[in-house]
Amino acid sequence: MFDHFLWSVVVVPPLAVLIVRLLADRIAPGRAAFVVTWSAVVVAATSMINLLLLAAHALAQIPAIGHLFGWSAAVVAADTAGVEWVPWLSLALFSGAIVSVCRRWRRQRKILAMVPVDEAGGLVVLPDEAPRAFAVPGDPGHVVVTTGMRGLLTDQQFEALLAHENAHLAERHHRLARAAELAVAAHPALWWVGKHVDYLIERAADERAAADLGSRRTLAHAIGVAALAGAGSSFAAALHAAVPGGVVPRRVAHLLRPQPRAAPAAFVLLPALIALSSVVWTGEATLDLIELMVSAWR
């Protein structure tokens with residue numbers, strides 16, 4: 001089972017990061033955000049399943065447990081001869097991943113519990129001199145803008161800002177951000193992928209807003225003004241639906257260029273294929289453990 005651990009836990013997550021770095025800007029941002037997020041989720045899930053299988057392997061080779069359930073602990077232990085540390089390391093890593101995911105999940109639930117559900121959706125203007133603007137997901141969702149931000153923007157730029165925030169709500173980008181956060185909590189090597197999902201959903205909102213406005217330049221100017229106004233602010237939208245920072249120069253550069261042609265479908269398939277490979281190897285690891293336990297019971 002060591003080869004399954006090596007592939008699904010050690011190799012695939014960094015490989016997913018490398019592929020995302022090479023391909024993400026070559027794919028339409030909305031599609032890229034979807035594919036990258038769910039590929040990361042699958043990679044994280046299969047990594048945790050492999051850790052669970054090896055953790056079960058570690059427990060199964062304890063003589064007392066073998067005696068209790070009627071299998072040979074020596075047969076189980078012989079399966080990882082030479083790499084005896086892997087099952088025990090996996091047990092520790094799996095325990096840590098479970099704790100990390102549960103903490104992240106509870107934090108997300110607390111944030112979502114703050115979202116108003118009984119009020120009418122739409123624009124909410126807060127009397128606050130700090131320049132802030134963000135989308136609050138829900139049914140319906142809200143766009144929150146402070147008077148400080150409104151005062152910095154022209155009417156056209158304000159319309160662009162609203163189009164951007166409404167694009168986040170319409171595309172339900174907070175769901176992708178939450179899923180990416182949980183994937184990172186399960187496997188820290190996916191940290192860069194999680195950060196890039198934030199960037200991709202910002203770009204996806206930019207592209208939709210630019211299409212709705214009919215002016216990429218107006219939106220680029222609004223992003224620049226908002227970014228300069230928020231520089232040095234400690235504020236950040238907790239659900240990542242409209243984090244004002246991001247890689248602002250890259251976003252503006254993309255908007256000031258004509259909308260790029262769609263990349264070949266093969267580019268989209270690469271992250272998905274890497275995730276699928278981990279699914280296949282996890283299935284093999286499951287069968288291997290079942291076969292091992294059957295032989296240990298004989």
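In which sense do strand 2 and strand 3 pair, and over how many bridges? In this predicted model, strand 2 (residues 133-136) and strand 3 pair in the antiparallel sense, and four bridges hold the pairing. One of the matched positions is alanine 135, whose bridge partner in strand 3 is valine 143. Strand 2 and strand 3 together make a hairpin, with five residues between them.

Strand 3 also has a partner in strand 1. Strand 1 (residues 122-126) and strand 3 run parallel, joined by five bridges. Here valine 125 has valine 145 of strand 3 as its bridge partner. Strand 3 itself, which covers residues 142-146, is mostly covered, with five of its five residues buried. In a regular strand, side chains alternate between the two faces of the sheet. For strand 3, this gives one side with His142, Val144 and Thr146 and another with Val143 and Val145. Both of these faces are covered, and the residues named on them are all buried.

It helps to step back to the whole chain. The protein has twelve helices alongside its three strands. It is built from 298 residues, of which 45% count as buried. The surface that the protein exposes comes to about 14,900 Å², and carbon and sulfur atoms supply 65% of that area. Among contacts in the protein with a separation of 6 or more, 73% are between residues 24 or more positions apart.

What lies inside? The largest nonpolar core has 38 residues, and those that touch the most other members are Phe5, Val36, Leu190, Val193, Leu200 and Ile201. Several helices contribute to this core: helix 1 (2-23), helix 2 (29-60), helix 5 (85-113), helix 8 (173-186), helix 9 and helix 12 (265-297) each supply at least two residues. Helix 2 gives the most, with ten residues. Valine 36 offers a closer look: leaving aside residues up to four places away in sequence, valine 36 touches Val20, Val193, Val197 and Leu200. Another core, of eleven residues, lies apart from the largest one, and its members include Ala160, Ala209, Ala210 and Ile223.

Helix 9 invites a simple check of length. This helix takes in 23 residues (residues 191-213), and at 1.5 Å a residue it should span 33 Å. The C-alpha atoms at its ends are 34 Å apart, so the distance agrees with the expected span. After helix 9 comes glycine 214, which has a positive phi, near 80°.

A positive phi also turns up at arginine 172, where the angle is near 50° in a residue other than glycine. Most residues other than glycine have a negative phi, and this is the background against which such a value can be read. Arginine 172 is found in the loop between helix 7 (155-171) and helix 8. With a relative accessible area of 34%, arginine 172 is partly exposed, because this value falls between the 20% and 50% cut-offs.

Charged side chains also meet in the model, which holds eight salt bridges. How buried or exposed are the partners? In one of these bridges, the side chains of glutamate 207 and arginine 216 come together at 2.8 Å, N to O. Glutamate 207 has 11% relative accessibility and so counts as buried. Arginine 216, at 17%, counts as buried too. Both values lie under the 20% cut-off for a buried residue.

Another salt bridge joins aspartate 155 and arginine 150, again at 2.8 Å, N to O. Aspartate 155 is exposed, with a relative accessible area of 59%, whereas arginine 150 counts as partly exposed at 28%. In the salt bridge between aspartate 128 and arginine 132, the closest N and O atoms are 3.7 Å apart. Aspartate 128 is partly exposed, with a relative accessible area of 27%, and arginine 132 is partly exposed as well, at 28%. Salt bridges can also share partners, and here Glu202, Asp206 and Arg251 are linked in a network of them.

Notes: Residues numbered from 1 in each chain as written. Predicted model: local features only at pLDDT ≥ 70, side-chain atom pairs only at ≥ 80, totals over all residues. Heavy atoms only, no water. Expected span 1.5 Å × (residues − 1). Salt bridge = Lys/Arg side-chain N within 4 Å of Asp/Glu carboxyl O. Buried < 20%, exposed > 50% of the residue type's maximum accessible area, 1.4 Å probe, protein only. Contact = heavy atoms within 4.5 Å. Areas by Shrake-Rupley, 256 points an atom, 1.4 Å probe, with all protein chains shown as cover. Pairing = 2+ DSSP bridges. Core = buried A, V, L, I, M, F, W, Y, C linked by side-chain atoms within 4.5 Å.
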